[in-house]
There are 2 protein chains.
Amino acid sequence: MTDPSVVTDDRVVAQEAFRSDLVEAGILVRTSVDGLYQRSAVFESIVRGIERLVGAAGAGRYEPLLFFPPVLPRDVFVRSDYLRSFPDLTGSVDTFVGNDRDHADLLRALDEGEDWTQYLTPAEVMLCSAACHPLYPSLTGTLPEGGRRMEVQGFCFRHEPSVDPARMQIFRQHEFVAVGAPDDCIAHREEWLATALSILSTLGLPVTKVVANDPFFGRAGRILAVNQRETALKFEIVCPVTSEEFPTAIASGNYHMDHFGVPFEIRTADGETAHSACIGFGLERITLALLKTHGLDVQTWSADVRSQLGI
Amino acid sequence: MTDPSVVTDDRVVAQEAFRSDLVEAGILVRTSVDGLYQRSAVFESIVRGIERLVGAAGAGRYEPLLFFPPVLPRDVFVRSDYLRSFPDLTGSVDTFVGNDRDHADLLRALDEGEDWTQYLTPAEVMLCSAACHPLYPSLTGTLPEGGRRMEVQGFCFRHEPSVDPARMQIFRQHEFVAVGAPDDCIAHREEWLATALSILSTLGLPVTKVVANDPFFGRAGRILAVNQRETALKFEIVCPVTSEEFPTAIASGNYHMDHFGVPFEIRTADGETAHSACIGFGLERITLALLKTHGLDVQTWSADVRSQLGI
């Protein structure tokens, strides 16, 4: 079986070609860093259309939607245990807390081409890695009967510079999260995977559901990835964007078991450690899948798709 | 004259009271870090209403709106010279680039309560400090006759933890930027200050225009602040939010002179170093000013204000 994590020259060529097309069409503007793009109003209007569409699918069954800021408290990040599995993707925020003399030292280092960041100190925030992380500390304690169901949206930072426009360093996830008993969480994930397939198919996207694994770091990570696949904890909804053979994950459904229930001390009404599951819609990736499938000029998209997105 | 940077107990009490009101009304959700909030869909709908309203005021006279990501290339940040004047507000991003053994060291430090961030390395990105910073590298070279006019929106990070809900650590600015000859830049700022006063007054906000200064760092910064006021480079549009005596800046118009033209090597058609000016609308602060002025229940706002905002 071909390893999808090995990106061949052919795939890079296709990714660069799509990126060039997006830039020429004025949909994305490149920066000097791979994976960092400025987005046009058209791109943003598609993002907001997807937001409305998935929001409508969950309407009435979730607590009110919350928009999370792009940074979260450092202590929440540490408790999420992300550092253990994905250290290479994290973004830790430093700032300057010194006095005039320290500032003079920083500027001297800067002017002399030295490492000026040595004069910085970790701030009490980190960049957010997954849209649902900031949610869990607010659930500490005992859940009501039946658990809780939440809808959240936020920017996620993943340090993985790439020429693939679908692999941005910072992007938005729109998530529906269930916290409660294991069976309820699995049911939530299954129901939403079906709903997501339906929503995305109705938008004309050639999507399929596949078992998947997260990009766990290092040697130990390879074992974790195999385990995750064998226990079918993660499913992705994939769609060809720059490759038919290696389609892009544009949504995913994850059953976390007690991964968040334990560190955030969340218990069910029965006194058990709560489990959790989420479905995450990758707003930028769905937007790119639509642009690839229907063309770069949204004026030429079918009336049906445009009407669904309200664009 | 009372120094507005000295925050008295009375002001803190008023800020905490407004914050509590916002949280009780479900408009903002607090986190464990001051200045970091989760935002409700109502809050976000007001933000988007302001975005539409100010966008309409600039319609047809600006290049197409660009949405910038919350992080920008490190080299752009360094060239903006922000570190010289506001080191204490910056957010530098670190990530992990080591191998399995380095990762084991990081996790050991984490588990033993040591400083695990020592195993991180500066990434090629920083948190964005001002919405217009990512724009300037794209202007390097010679401008067309008459310069250029741009509309941008983005998240800004300022490390200044505060109980004041109007002093968020990460928030959005919607900006209109002029780059070109000095007179054109000053005219752009003056025209937009008048437009901003008109838009915000029509929304029922008791706004006034005042000369202002940026919070320059340290001893040298105090001189820079005085100079900035004396040369009237910065104006703010202020509105009472938690204090009548110390109203909150909800928009500002800044004439940068050649502050960006020099490092980003931007020249006018005449071959002179380009000047720049921007008007920035603080989307979160305008939202908070509206909530303070018209009440926390948007259903009770006047039909006129709601219709202007499309909410």
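## Close-up views of a predicted two-chain model

**View 1. The interface of chain A and chain B.** In this predicted model, 65 residues of chain B are in contact with 65 residues of chain A. The two chains bury about 5,500 Å² between them. Carbon and sulfur atoms carry 64% of that area.

**View 2. Polar links between chain A and chain B.** Between the chains, 24 residue pairs are in polar contact, with both residues at pLDDT 80 or more. Six salt bridges are found across the interface. Arg48(A) forms a salt bridge with Glu51(B). Their closest N and O atoms are 3.0 Å apart.

**View 3. The annotated domain in chain A.** The UniProt record, an unreviewed entry, annotates residues 149-297 of chain A as "domain: Aminoacyl-transfer RNA synthetases class-II family profile". Over this stretch the chain is 31% helix and 34% strand. The C-alpha atoms at its two ends are 37 Å apart.

**View 4. Glu236(A) and its surroundings.** Glu236(A) sits in strand E11 of chain A, which spans residues 234-239. Is Glu236(A) buried or exposed? Glu236(A) is buried. Glu236(A) has no salt bridge. The nearest side chain of opposite charge belongs to Lys234(A), 4.6 Å away. A salt bridge needs the nitrogen and the carboxyl oxygen within 4 Å, so this pair does not qualify.

**View 5. Contacts of Glu236(A).** Leaving out residues up to four places away in sequence, Glu236(A) touches Thr208(A), Lys209(A), Val210(A) and Ala212(A). Glu236(A) also touches Ala249(A), Ala251(A) and Ser252(A).

Notes
Residues numbered from 1 in each chain as written. Chains lettered and ligands numbered in written order. Predicted model: local features only at pLDDT ≥ 70, side-chain atom pairs only at ≥ 80, totals over all residues. Heavy atoms only, no water. UniProt positions renumbered as here; feature names shortened; annotations may be inferred. Helix = DSSP H or I, 4+ residues; strand = E, 2+ residues; numbered from the N terminus. Buried < 20%, exposed > 50% of the residue type's maximum accessible area, 1.4 Å probe, protein only. Lys, Arg positive; Asp, Glu negative; His and termini not counted. Contact = heavy atoms within 4.5 Å. Buried area = accessible area lost by both parts, 1.4 Å probe. Polar contact = N/O pair within 3.5 Å; in protein donor to acceptor, adjacent residues only side chain to side chain.
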